Amino acid sequence: MRNRLRLVHTSSIRSCACKNLNVKKEGKMKTFSITDGEVVKWNMGISEHMRSGRLESARRLFEAMPRRTSVSWNAMISGYLMNERFGDARQMFDAMPERDLVSWNITLSGYVKNRKLGDARKLFDEMPEKDVVSWNTMLSGYSQSGFLDEAREIFDRTPRKNSISWNGMLAAYVQNGRIELARKLFESKFDWEKVSWNAMMAGYVRKQRLVDARMVFNRMPERDEVSWNTMITGYAQNGNMLEAQKLFQESPIRDVFTWTAMVSGYVQNGMLVEARKTFDEMPQKTAVSWNAMIKGYTLCKKMDMAKELFDAMSCRNTSSWNTMITGYAQNGDIDRARSMFNEMPQRDSISWAAIIAGYAQCGYSEEALHLFIEMKRDGERMNRSTFTCALSTCADIAALEFGKQVHGRLVKAGYEMGCYVGNALLAMYCKCGSIEEAYDAFEGLSEKDLVSWNTMLMGYAKHGFGREALKVFDLMRMKNIKPDDVTMVGVLSACSHAGLVDRGTEYFHSMEREYGVIVNHQHYTCMIDLLGRAGRLEEAEALMRSMPFEPDAATWGALLGASRIHGNTKLGEEAAERIFEMEPDNSGMYVLLSNLYAASGRWGDVKRMRGTMWDKGVKKVPGYSWIEVKNKVHTFSVGDSAHPDKERIYAFLEELDQRMKKEGYVSATKMVLHDVEEEEKEHMLKYHSEKLAVAFGILNVPPGRPIRVIKNLRVCEDCHNAIKCISKIAGRTIILRDSTRFHHFNRGLCSCGDYW
DNA sequence: GTAGGGTTAG
């Protein structure tokens, strides 16, 4: 009886179609006799066990039942789904003697939650009848995976749409960042429910269109806590704490969400005192608010305070641990981060992402990738963020093979290449030196935002493919995508790499008028680089002197680079002096300057430079190179003797050296071009880390495939010449990523055009 | 027992 009442109650607030279903059910229930009440109790027992994760007890109860109704079966199925036991759920569904519509719907929603869209659609098509819940579930499935066309098709075909269907379509657009489509849909209809007004507003907030969000907020017929909180959060997270405070005061209802939004807003805007004051004033605190406060302390590097709060909180949850792990890692204390990770009672995917990103950011990339493998062993499933994190770690150390495997798993997991993860994938291929695959990834993006375009454009520019970069820019303009300052840096450096001086100059002068991008420091630096590279040193210098900013180290660096190439020692000297003033510890600049002296035969000055470095205690960053072969990263330093294959490598280098001499290659040893790596003896030039890595690559990478080497510093000139020559002799493509850009060596030439 | 909006951690 109780069950019946509940059914009637739910149906009264649900749709017509639902009501029909329940009427049918009531009919069925009438045929039951006195034991109906008992069955209901059994069913409730099953649900309760399932809710608290006692799957076996639920199962025993289910099997012991003298008589089962479809509700019993459904309770088992949904219980399994709740506990992510998808296989067991499906088995139950298959074993059911008589399925009702709810069983179908529950199973369908199970597939959707499991992101098995193909299976969901198959089941959906097989359904003997569908109600509005079935249609809405399918819609939400497509929406969650970003398949907007399919979602729209389902929506259009839904026979008796209710408010949830409409809201589902609206949310599909909003959550996938298609705010204009959402707006269009929203304006096509007037009787939206509060939920949808809130969703539309949240959509604008997400796009940082606070004025539009506020307009929705002002226009909506009635507001609830969610409306107020969304608006307050919008202001708080976009740095407008004043407006947030104003609304907070005005708000008729303040719940935990409101208070937490304020605390976290203060934290994000670096207003620690205000954050703490609000935190202390909160009528009740949840774990979320504690965590926000802890985050505040970690951001201000007050790890002691963070730890104090963490120790004091009684409602500590996994997020609290995760916040602390990130805090320690970002403050450089990876050991404490790791021990917290080890100590914590329960880890989730975010804990893994936090510790992995921590290792990666502290420079332990290999340990980071190692943890991915451990994570898989631990049974933790990859999600969007672990995927993103894995990809950016691969990008850092240019672990292309590993990155490709992650890509494969990403596809297999059925993730749509939305902006966040898609851009990480794109960046991974760019930074791993595989520009073709980067372009494939770019084309495969389901949604391109400005970051995607900029990444692709910069990718081409850094690889020395200036013309391709400019093609991307043309495409952007064709699609009416408004470039920003980053885009223009890409465009100018592309022009520079392609030697398109006039076109670059034109862009530089028209960017404010044409694209509304204010010229900044970086743009000037690009222009100086562009002119300098083309040998127009006076113009470059004049531009620098006329620019409305104080030149910084990067600006002088561009001039220094140009002076080196074109042998203008005097200008180079001045540039170097200025850089030393600004960045006394920049060892790369000392090296660049001593190269400049060496190039013009001023050996005394070379020696003096070395002395200065010694006096000032400037430490050279040790140079090393690495290469990934068969999923393993091999690292080399100058004159490396640690690698197990060293004898083969050195023998092969010797052989290459002989052949190079025949080709007319002259070792640059006399020039003392120890660009980046200090060596005791000049013959060590032969064994610079990049050469070792290249030799190892030729020996181990199958012919026909490019050899990809990464170096932490700038490649030295001798190595650059040698690798050009090696690419010709060995008939291999060698792609070298150094600290500033990519070099594609092929048939004795380099994509950088010998200027970098 | 099935479908919808707002707060923290990456």
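# Exercises on burial and packing

Not counting residues up to four places away in sequence, Ser196 touches Asn167, Leu170 and Phe186. The model used throughout these exercises is a predicted one.

**Exercise 1.** Decide whether Ser196 is buried or exposed, and state which helix holds this residue.

*Solution.* Begin with the secondary structure, where Ser196 is found in helix α13, which covers residues 194-206. Next take the relative accessibility of Ser196, which is 2%. The cut-off for a buried residue is under 20% relative accessible area, so Ser196 counts as buried at its 2%.

**Exercise 2.** Find which residues of helix α4 are buried, where they lie around the axis, and which helices they pack against.

*Solution.* In α4, which spans residues 55-64, the buried residues are Leu55, Ser57, Ala58 and Phe62. They cover an arc of only 165° around the axis, and therefore they sit on the same side of α4. As a last step, look for their partners: the buried residues of α4 pack against α3 (36-51), α5 (70-82) and α6 (86-95).

**Exercise 3.** Describe the largest nonpolar core and the surroundings of Tyr507, and then name residues of a second core.

*Solution.* The largest nonpolar core has 194 residues, and those with the most contacts inside it are Ile356, Met428 and Tyr507. Once its neighbours within four places in sequence are left aside, Tyr507 is in contact with Leu470, Phe473, Asp474, Arg477, Met488, Val491, Leu492, Cys495 and Tyr515. There is also a second, separate core of 32 residues, which includes Val629, Ile698, Val701 and Cys719. As general background, nonpolar side chains tend to be buried together in soluble globular proteins.

**Exercise 4.** Contrast Arg737 with Asp585 by working out, for each, the element or loop in which it lies and whether it is buried or exposed.

*Solution.* Arg737 lies in strand β4, residues 734-737, and its relative accessible area of 15% makes it buried. The side chain of Arg737 reaches the backbone oxygen of Ala395 at 2.8 Å. Ala395 also appears among the residues that Arg737 touches, which, not counting residues up to four places away in sequence, are Ala395, Asp396, Ala398, Lys431, Val709, Ile710, Lys711 and Phe742.

Asp585, by contrast, lies in the loop between α36 (569-582) and α37 (587-599). The cut-off for an exposed residue is over 50%, so Asp585, with a relative accessible area of 61%, is exposed. Finally, Asp585 and Lys616 are 31 residues apart in sequence, while their C-alpha to C-alpha distance in space is 8.5 Å.

Conventions:
Residues are numbered from 1 along each chain as its sequence is written. Chains are lettered from A and ligands numbered from 1 in the order in which they are written. This is a predicted model: local features need pLDDT of at least 70, side-chain atom pairs count only at pLDDT 80 or more; totals for chains, interfaces and linings use all residues. Side-chain values use heavy atoms; hydrogens and water are left out. Buried means under 20% relative accessible area, exposed over 50%, partly exposed in between (1.4 Å probe, protein chains only). Helices (H or I, at least four residues) and strands (E, at least two) are DSSP runs, numbered from the N terminus. The arc is that of the directions from the helix axis to the C-beta atoms. Contact means heavy atoms within 4.5 Å. A nonpolar core is a set of buried Ala, Val, Leu, Ile, Met, Phe, Trp, Tyr and Cys residues joined through side-chain atoms within 4.5 Å. A polar contact is a pair of N or O atoms within 3.5 Å; within protein, one must be able to donate a hydrogen and the other to accept it, and residues adjacent in sequence count only if both atoms are side-chain atoms.
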